[in-house]
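Q: Please take a close look at one chain of this model, at how its helices pack and at how it meets its partner. A connected account is wanted.

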Amino acid sequence: MTRLTKLIGVTLGAGLAAFAGAAQAEDLIVSNWDGYMAPDAIEKFNSATGNAAELVLHATNEEIMGKLIASKGKGYDVVFVSSPFAEILHNLGLAEELDHSKIPNIGNLYKDATELKHDPGNAFSLPYAWGTTGLCYRSDLVGDTPDSWMDLLEPSEKLTGKTTMLATDRWMMAAAELALGYSVNETDQAKLEEVRDLLIKAKKTLLAYDDTTFYSKLVTGEAELVQAWDGWCNYGIGENADIKYIIPKEGSDLWVDTMVILKNSEHKDAAYAFVNDILDADNHRWAAENILYKVPNKPAMEGLDPSLVETYPNLGMTPDELLAHEQLRDLGEAQRAYSRIVSEIKAAN
Amino acid sequence: MADRKPLYLMTPALLWLTGFMVIPCLLILALAFFRRGIYGGIEYDFTFENIALVFDPLYAGIFIKSAIIAGQSALIASVVGYAAAYAIASMPKRRQPLLLFLAILPFWSNYLVRTYAWIVLLNREGLVVAVARALGYDQELPSLLYTEGAVIVGLVYNYLPFVILACYAPLARLNSEIGEASRDLGAGRWTTFRRITLPMTVPGLATGFVFVFVLSIGNFVTPALLGGGQFQMIGNLVYAQFLTANDWPFGAALSMALIAVMMGLLTLQTFATERASGGRAGEGDHG
């Protein structure tokens with residue numbers, strides 16, 4: 001019986017792998033979010049090193065993870081994923097143990113960025129961008145300046161129906177976890193149920209759950225207070241200077257997007273050269289200047305145009321300030337509990 | 001010798017469907033019987049756990065809720081679509097193609113764009129509110145967007161052309177002499193419609209209803225955009241299992257249940273249509 005199911009399983013796995021691993025393993029394949037690095041980064045890298053790197057895009061962490069798990073990491077060389085997913089790749093044995101001698105630019109990273117909880121010592125991942133999740137609001141409309149997660153979760157009558165929360169499980173949960181004084185990685189069932197009840201109550205006051213257009217809702221005035229990643233709040237600030245970002249007094253999570261080299265990469269030298277190239281101060285600064293995310297690269301940040309920090313104050317957050325917040329970690333088995341709770345929240349009336 | 005031509009002609013379509021749809025679907029559905037790995041992969045231990053979880057009150061409730069929304073959308077689309085098809089079929093013959101063309105026109109644009117258009121219309125600063133204000137209505141308007149009503153409006157709008165097409169065909173084929181005969185025999189317009197026209201065109205109506213229902217119950221774009229993500233339909237739940245929870249086995253189990261519901265309905269509808277047209281043939285309809 002077990003042998004039969006194993007056999008079916010293996011056949012199945014091979015089938016899926018054949019579909020998923022269709023990317024040609026001829027050139028260096030880098031997978032990243034759309035617009036998350038300089039448009040000419042790949043081209044410049046190719047002409048400087050004689051490699052034939054190619055960029056493919058993923059829309060979400062989960063999308064690229066699905067492909068990597070199905071193909072055992074074959075067909076990709078370097079992937080950009082958020083830190084909990086880098087952890088998973090490491091735990092599954094798919095991430096390369098990094099040889100720091102091949103990444104001289106690793107010295108550009110802030111010391112704090114080399115000691116992140118998910119990967120102290122950068123054994124398998126290199127931080128690319130980092131930031132916080134807080135409240136983004138229209139200072140000209142909200143009245144009292146918000147300073148607590150409760151301002152979002154139990155909004156004043158005036159703000160009811162004019163708030164949005166992030167739709168992604170982990171961040172939606174984090175807002176209530178932080179408000180209740182719990183860890184953003186809480187797994188205790190009783191505490192999670194409290195979180196759920198608070199979020200169900202909050203749902204009744206929301207305009208919408210929104211992961212992608214919350215800042216434009218602020219710009220149009222459709223929403224006045226939204227849960228937002230700092231970098232994305234900056235897109236709103238860029239269009240309307242009355243939009244402000246604040247980390248609530250209960251704190252934030254620290255999110256980190258990372259680069260991981262796949263263990264099954266067949267072009268490791270090129271992959272090392274590529275991540276090293278990204279960590280170059282000028283190349284890395286591109287992300288801070290153009291996508292308005294903080295990058296954990298000391299010379300890159302020091303060379304940042306001061307007027308940018310003036311317009312987008314959260315770009316000026318120091319590594320110390322960032323490290324004060326807890327990182328989202330992979331939850332392992334507890335992920336199913338989180339998914340269920342989010343379903344319960346969405347099914348609630 | 002039997003004529004082999006139909007077989008040859010069908011082979012490419014069959015191969016295409018089997019190779020690129022049936023087999024991948026079966027591969028995904030088979031995942032329902034395995035366990036989710038801790039990190040989201042698949043552990044190949046046989047289990048019925050995922051199938052059982054579909055019947056958990058939480059998830060079963062989402063199924064029922066989706067069915068209610070899909071049912072409401074299908075009902076509204078059927079009534080509106082049938083009326084439109086009836087109107088088109090009663091127009092002079094030469095105008096009908098143009099009207100049908102206009103009914104299908106929205107299909108030429110992207111589904112996502114059409115759905116976003118409703119956001120532009122319904123949002124708090126949107127066109128509907130602006131028009132109401134311009135007409136002097138200055139009370140606080142009830143929220144139009146990100147509600148169940150908005151989702152139903154979006155689904156009805158998107159699938160209405162299916163109903164119009166499905167109802168138009170039998171209505172246009174209807175022999176007008178039958179209606180005249182009915183009236184000659186003393187039946188009023190309403191009685192003629194209720195006892196003659198409607199029964200003879202009900203297969204088209206049923207086809208339209210089932211189409212809208214089946215397409216709506218699995219839809220995940222409209223609830224996400226027009227519902228503001230505030231409630232989940234079964235399609236959103238499947239999407240979440242595959243793309244955010246990384247729980248492919250449970251996602252596969254949900255899909256299996258969804259496909260079972262759809263197939264059941266389509267089978268019922270096929271039977272109903274066959275019975276209806278069978279009965280009609282007996283009455284000597286050669287129109």
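A: The account below starts with chain B, goes on to its contact with chain A, and ends with chain A itself. The model is predicted, with local features needing pLDDT of at least 70 and side-chain atom pairs counting only at pLDDT 80 or more, whereas totals for chains, interfaces and linings use all residues. Residues are numbered from 1 along each chain as its sequence is written, and chains are lettered from A and ligands numbered from 1 in the order in which they are written.

Chain B contains 12 helices and 2 strands (DSSP runs numbered from the N terminus, H or I of at least four residues for helices and E of at least two for strands). Read from the N terminus, its elements follow the order α-β-β-α-α-α-α-α-α-α-α-α-α-α. Along the principal axes, the C-alpha atoms of chain B occupy a box of roughly 75 × 75 × 35 Å.

Within chain B, helix α7 (residues 148-173) packs on helix α9 (residues 189-217) at an angle of about 160°, and the axes are 8 Å apart (lines fitted to C-alpha atoms, for helices over the stretch in contact, with angles from 0 to 180 degrees between N-to-C directions). α7(B) is therefore roughly antiparallel to α9(B) (angles over 145 degrees; under 35 is roughly parallel, 65 to 115 roughly perpendicular, and the rest oblique). The crossing of α7(B) past α9(B) is right-handed (the near helix is turned clockwise from the far one by less than a right angle; anticlockwise is left-handed). On the α7(B) side the residues in contact include B:L155, B:Y159, B:F162 and B:V163, and among those they meet in α9(B) are B:M200, B:P203, B:L205, B:F211 and B:V212 (C-beta atoms, placed from the backbone, within 7 Å). By class, this contact of α7(B) with α9(B) has 15 nonpolar, 5 polar and no charged residues (Ala, Val, Leu, Ile, Met, Phe, Trp, Tyr, Cys and Pro are nonpolar; Asp, Glu, Lys and Arg are charged; the others, Gly among them, are polar).

Between the chains, 31 residues of chain B are in contact with 38 residues of chain A. On the chain B side, α1 (5-30), α3 (57-90) and α11 (234-243) are the elements that give two or more residues. That side comprises 16 nonpolar, 11 polar and 4 charged residues.

One helix pair joins the two chains at α3(B). Helix α15 (residues 334-347) of chain A packs against α3(B) at about 40°, with an axis separation of 10 Å, which means that α15(A) is oblique to α3(B). Their crossing is left-handed. A:S343, A:E344 and A:A347 of α15(A) meet B:L58, B:G61 and B:I62 of α3(B). The contact of α15(A) with α3(B) has 3 nonpolar, 2 polar and 1 charged residues.

Chain A has an average pLDDT of 90, and 93% of its residues score at least 70 (the predictor's confidence in each residue, from 0 to 100). In residues 13-26 of chain A the pLDDT is below 50, and this stretch has 20 contacts in the model beyond near neighbours in sequence.

The assignment for chain A gives domain 1 (2-130 + 254-327) and domain 2 (131-253 + 330-347) (bounds from an automatic or database assignment). Their C-alpha centres lie 27 Å apart. The contact takes 18 residues from domain 1 of chain A and 14 residues from domain 2 of chain A. On the domain 1 side, α4(A) gives the most, with 3 residues. That side has 11 nonpolar, 4 polar and 3 charged residues.

How values were computed. Contact = placed C-beta atoms within 7 Å.
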